[in-house]
Amino acid sequence: MMGTSPDSRTVAVGMSGGIDSTVAALLLKEKGYRVVGLTMKIWDGSIACDAERSGCYGPGEAADIADARKAADRLGIEHHVVDLCREYSRTVLTYFSDEYTGGRTPNPCVVCNSKIKFGSLIEKARSIGIVFDLFSTGHYARVSYDGHMARYLLMRGVDGSKDQSYFLHRLSQDQLGRIILPLGGYRKEEVKAMARAAGFAEYVDKRESQDFLEWDDYGALLKEPVRPGNIVDTTGSVIGRHRGIAFYTVGQRRTLGLAGMKEPFYVLRVDAERNEIVAGPRKHLMSDRLLATDVNWIIPFEERPGPEVAAKIRSTAAPARCDVFPGPGPVAEVVFADPQESIPPGQSVVFYAGDVVIGGGVIER
């Protein structure tokens, strides 16, 4: 971990071609580690599209790989491109399609981090002969070892506006014990200043990948044909038509195309079995509870540091105070102190005790 003497250990850094992973590699090299850069290749060109913005998946990947290689050359470190097109398609893209066609809202970044970036990338790099001891990324989060609890802890980054611990809540103890997150203790402006001072000013100005896709219409990723169907109100009366349930998510108002309503209508529920969208006024979006499944506890709930728990129902949401009732099994019922708006099935709910991530799961209902 960050407090351990580097000795002669090698750290592989997942380099995206952006400022954060570049500065992560810089900091590790300055601490005395031998650093190796790894960049994932996940775009196979099988989808005809034009890049409309910066994103994680799309034809702009070639430029990002070139930027990662250039940064590695400037840092004087090895750089390798690891082809994960097949793994990414089988894991992330299949999940993305299955969730949307099932009437749920996927979170591809969470799946990518736990299964690809901190999983397949490490495994495949080692399988092709790249030798390293630890793995690192430019995520704004912190990892430390708690000797009393005898486990690794995942914590929020000190820059609350950039904190990415939400996306890492599915990491296992084995994964947490083998990673270094150098940027967790810095604010974004400090990272930018370090990049400029080290001669990487052009990386500061580069657009960052805030979106999953580089284009808007994700229909090309759906493996099943979409079927138009009815939009109904809360009484079951038909009030419109939708173009396919995969294109709608809870809380959505845009593209519903409902004219003549006395007040704005929003998507309240996506009913995959009936191929229906249930829509209604905003007040019906409020709920004070949810059921989470597939829960990963980084810390056993009964061993959490402190009695108070807060939960985030999306990456951009503020943590909301709640009571959590775990089990039996990898499930948990969550009751919020104040009703939450637009709780989307399929998204992740992540539990915090202060800055410490207790765990998280998938919102079932």
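1. Glutamate 276 counts as buried, because its relative accessibility of 14% falls under the 20% limit. Its salt-bridge partner is arginine 274, with the closest N and O atoms 3.3 Å apart. Arginine 274, by contrast, is exposed, since its relative accessible area of 57% is over 50%. The bridge therefore joins a buried carboxylate residue to an exposed arginine. The model under discussion is predicted.

2. The count of salt bridges in the structure comes to 18. One of them is formed by lysine 206 and aspartate 67, whose side chains meet at 2.9 Å, N to O. This pair links distant parts of the chain, 139 residues apart: lysine 206 lies in the loop between α7 (201-205) and β9 (211-213), whereas aspartate 67 belongs to helix α2 (residues 61-75). Aspartate 67 counts as buried at 19% relative accessibility, while lysine 206, with a relative accessible area of 23%, is partly exposed. Both values should be read against the 20% limit under which a residue is called buried.

3. Aspartate 67 and lysine 206 also belong, together with Asp64, to a network of salt bridges. A further salt bridge is found between the side chains of glutamate 99 and arginine 104, at 3.0 Å, N to O. Here glutamate 99 and arginine 104 are both buried.

4. Turning to the aromatic residues, the structure holds 14 aromatic pairs. Tyrosine 166 and phenylalanine 167 make up one edge-to-face pair, with 5.4 Å centre to centre and 85° between the planes. Tyrosine 166 is buried, at 1% relative accessibility, and phenylalanine 167 is likewise buried, at 18%.

5. The rings of tryptophan 297 and phenylalanine 351 are classed as stacked because their planes stand at 20°, with the centres 5.5 Å apart. The two residues are 54 residues apart and link distant parts of the chain, tryptophan 297 being in strand β14 (residues 286-297) and phenylalanine 351 in strand β18 (residues 348-353). Phenylalanine 351 is buried, with a relative accessible area of 0%; tryptophan 297 is partly exposed, with 23%.

6. One aromatic cluster is formed by Trp43, Tyr57, Tyr88, Phe96, Tyr100, Phe212, Tyr218 and Phe247. Rings are also met by charged groups. The charged end of arginine 126 sits over the ring of phenylalanine 132, 4.2 Å from the ring centre. In the case of phenylalanine 301, the charged end of arginine 304 sits over the ring, 4.0 Å from its centre.

7. Five strands make up an open sheet with parallel pairing, in the order β4-β2-β1-β5-β8. Its edge strands, β4 (78-83) and β8 (179-180), each pair on one side only. Strand β5 (residues 134-136) runs parallel to β8 and is joined to it by two bridges. Across this pairing, phenylalanine 135 stands opposite isoleucine 179 in β8.

8. Helices lie across strands of this sheet. Helix α2 lies across β2 (34-41) and β4, running at about 155° to β4; the same helix holds aspartate 67 of the salt bridge with lysine 206. Helix α4 (residues 108-127) lies across β2, β4, β5 and β8, and runs at about 110° to β2.

Key
Residues are numbered from 1 along each chain as its sequence is written. This is a predicted model: local features need pLDDT of at least 70, side-chain atom pairs count only at pLDDT 80 or more; totals for chains, interfaces and linings use all residues. Side-chain values use heavy atoms; hydrogens and water are left out. Rings of Phe, Tyr and Trp (its six-membered ring) pair if their centres lie within 6.5 Å; planes under 30 degrees apart count as stacked, over 60 as edge-to-face and the rest as tilted. Buried means under 20% relative accessible area, exposed over 50%, partly exposed in between (1.4 Å probe, protein chains only). Helices (H or I, at least four residues) and strands (E, at least two) are DSSP runs, numbered from the N terminus. A charge sits over a ring if NZ of Lys or CZ of Arg is within 6 Å of the ring centre and within 35 degrees of the ring normal. A salt bridge is a side-chain nitrogen of Lys or Arg within 4 Å of a carboxyl oxygen of Asp or Glu. Two strands pair if DSSP finds at least two bridges between them. Contact means heavy atoms within 4.5 Å. Axes are lines fitted to C-alpha atoms, for helices over the stretch in contact, and angles run from 0 to 180 degrees between N-to-C directions.
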